[in-house]
Amino acid sequence: MSLSLSDLSKVVIDAQYAVRGPIVKRAGELERSGRAIIYCNIGNPQALGQKPLSYVRQSLALMQYPELAQKSPQAFPPDVLERAAELLAASVGGLGAYSESKGLRIVREAVARFISRRDSDSSLIVTSDPEHIYLTDGASKGVQSILRLLIASDRDGIMIPIPQYPLYSASITLYGGYQVGYYLEEATGWALSREELERAYGEASSRGIKVKAICVINPGNPTGAVLSKDNIAMVISFAKDHGLSILADEVYQENIYRPDDKFVSFARVLAELGDTDVCLFSFHSCSKGFHGECGQRGGYFEARNVSTEVLAQITKLQSIALCANLNGQILVYLMVRPPEPGEASFEQYEKEKKEILGELAARAKLLAEGLNKIQGYSCAPIAGAMYAFPTITLPPGRSDTQYCLALLEETGICLVPGEGFGQAEGSAHFRTTILPPRAQLLQVLEKLENFNKHWK
Ligand SMILES: Cc1ncc(COP(=O)(O)O)c(C=O)c1O
């Protein structure tokens, strides 16, 4: 073969993506040889049995095959028929045609209304401009576009949380930037502190790194922590003081499980502070929340306090891939424009949503409690997102990667070792999702406990 690894781009070879890494590869091999595998490695709700929302799939079916509206109108609630007709009329050529590079205008307008409704209250109206919204193939592509935009040299630093979701570390490597890790503090429920941000920033600057942006994941993956409004204001003030852009990854904004926690967006806090200096890119996705439509690749980002010249460059960047897939764009529309009270689909939609979120909250509680009962494990409460990231105590000289591999071989449970997300020196963790059904989660807990008792 004429093409060898030495011919390839070094950054591709160097990039690591643990949630689909060697342990998952081994799980695939075991599965092909007939072993039953419980995939707890990735936040992929429908792969673990979560049902899609009827409203979403009915609307999508009509968009894919508009003749259904004439052939079987009785199969669809009237609001779904209306919505599909409206969307088809607004998308020249339907799902088979490219849209403009930013995405269909009707979808971007709906996203802007959604953001404004989500973030406004009687004390403050938060506006959003559809021209500052970009539809993307999942949030991943949006994050990558902004990192691509910002990283101009190997001395350009991007601050990311440790532990982090490896999309960030892998993409920074791919684009030749410099990763500046700031540690979340496990002992205080993975809190974020200004001192730690300053430490990480100062250390990078003293090495000649020009820090350009800070990424924040809220609710956190893998930590499950939910940021308070004060914490968000602190990050904004830090970014302002150092002239940084903010990338706010808010894909888990609907996944909040404890009654006292509330999702507050960076856009809302920025508007409250009346800040017009700090550039904010915030990301959302159809893959998480209660939709769980990971495979359909719908997402968007909103750019705030970003100049027209920079927006033009972002639009050009998006245009290189023509546009986000149209199916995903429609999914975004359906996510931000759910049925409203009085519409035919409303009750069923609310019922399905409540069931999914209720079940996720129950699983989050069951899993955190169960993990904390295992000797040598300690798990912070799972306040949000879809994961537990417990600390584990290992025999001397052993790593969490070895632990997860041995666990997979013995029990068929596929987890991601803490090493893949980054962790404090000397600590060991794994990440598991909360997504398997409760009966299966109980089995997972039992197998973990048994394995943990004897593994050396
Ligand atoms: C924090 C975070 N951001 C982004 C993504 C990417 O999601 P998407 O499917 O929208 O690309 C994920 C997926 O798990 C995630 O956990």
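Me: Which residues touch the most other members of the largest nonpolar core?
Reply: Happy to look at that, bearing in mind that this is a predicted model. The largest nonpolar core holds 125 residues. Those touching the most other members are I158, M159, I246 and V332.

Me: Which helix gives the most to this core, and where does the core lie?
Reply: Eight residues of the core come from one helix, α13 (residues 326-336), the biggest giver. Domain 1 (5-50 + 349-454) and domain 2 (97-336) each contribute residues too, so the core lies between these two domains. The helix you asked for is α13.

Me: Which residues is I158 in contact with, leaving aside its neighbours within four places in sequence?
Reply: I158 is one of the residues that touch the most other core members. With those sequence neighbours set aside, its contacts are L147, L150, I151, I172, G177, Q179, V180, K212, A213 and C215.

Me: Why do the buried residues of α6 line one face of the helix?
Reply: Helix α6 (residues 105-119) has buried residues V107, R108, A110, V111, F114, I115 and D119. Their cover includes β2 (133-136), α11 (266-273), β8 (299-304) and α13. Viewed along the helix axis, the buried residues line one face because they fall within an arc of 160 degrees.

Me: How far apart are the end C-alpha atoms of helix α12, and which residue just after α12 takes a positive phi?
Reply: Helix α12 (residues 308-320) has 13 residues, so at 1.5 Å a residue it should span 18 Å. The distance between its end C-alpha atoms agrees with that, at 19 Å. Just past α12, the residue with a positive phi, about 70 degrees, is L322.

Notes:
Residues are numbered from 1 along each chain as its sequence is written. This is a predicted model: local features need pLDDT of at least 70, side-chain atom pairs count only at pLDDT 80 or more; totals for chains, interfaces and linings use all residues. A nonpolar core is a set of buried Ala, Val, Leu, Ile, Met, Phe, Trp, Tyr and Cys residues joined through C-beta atoms within 7 Å. A residue is buried if 20 or more other C-beta atoms lie within 10 Å of its own, exposed if 12 or fewer, and partly exposed in between; C-beta atoms are placed from the backbone. Helices (H or I, at least four residues) and strands (E, at least two) are DSSP runs, numbered from the N terminus. Domain bounds come from an automatic or database domain assignment. Two residues are in contact if their C-beta atoms, placed from the backbone, lie within 7 Å. The arc is that of the directions from the helix axis to the C-beta atoms. The expected span of a helix is 1.5 Å times one less than its number of residues.
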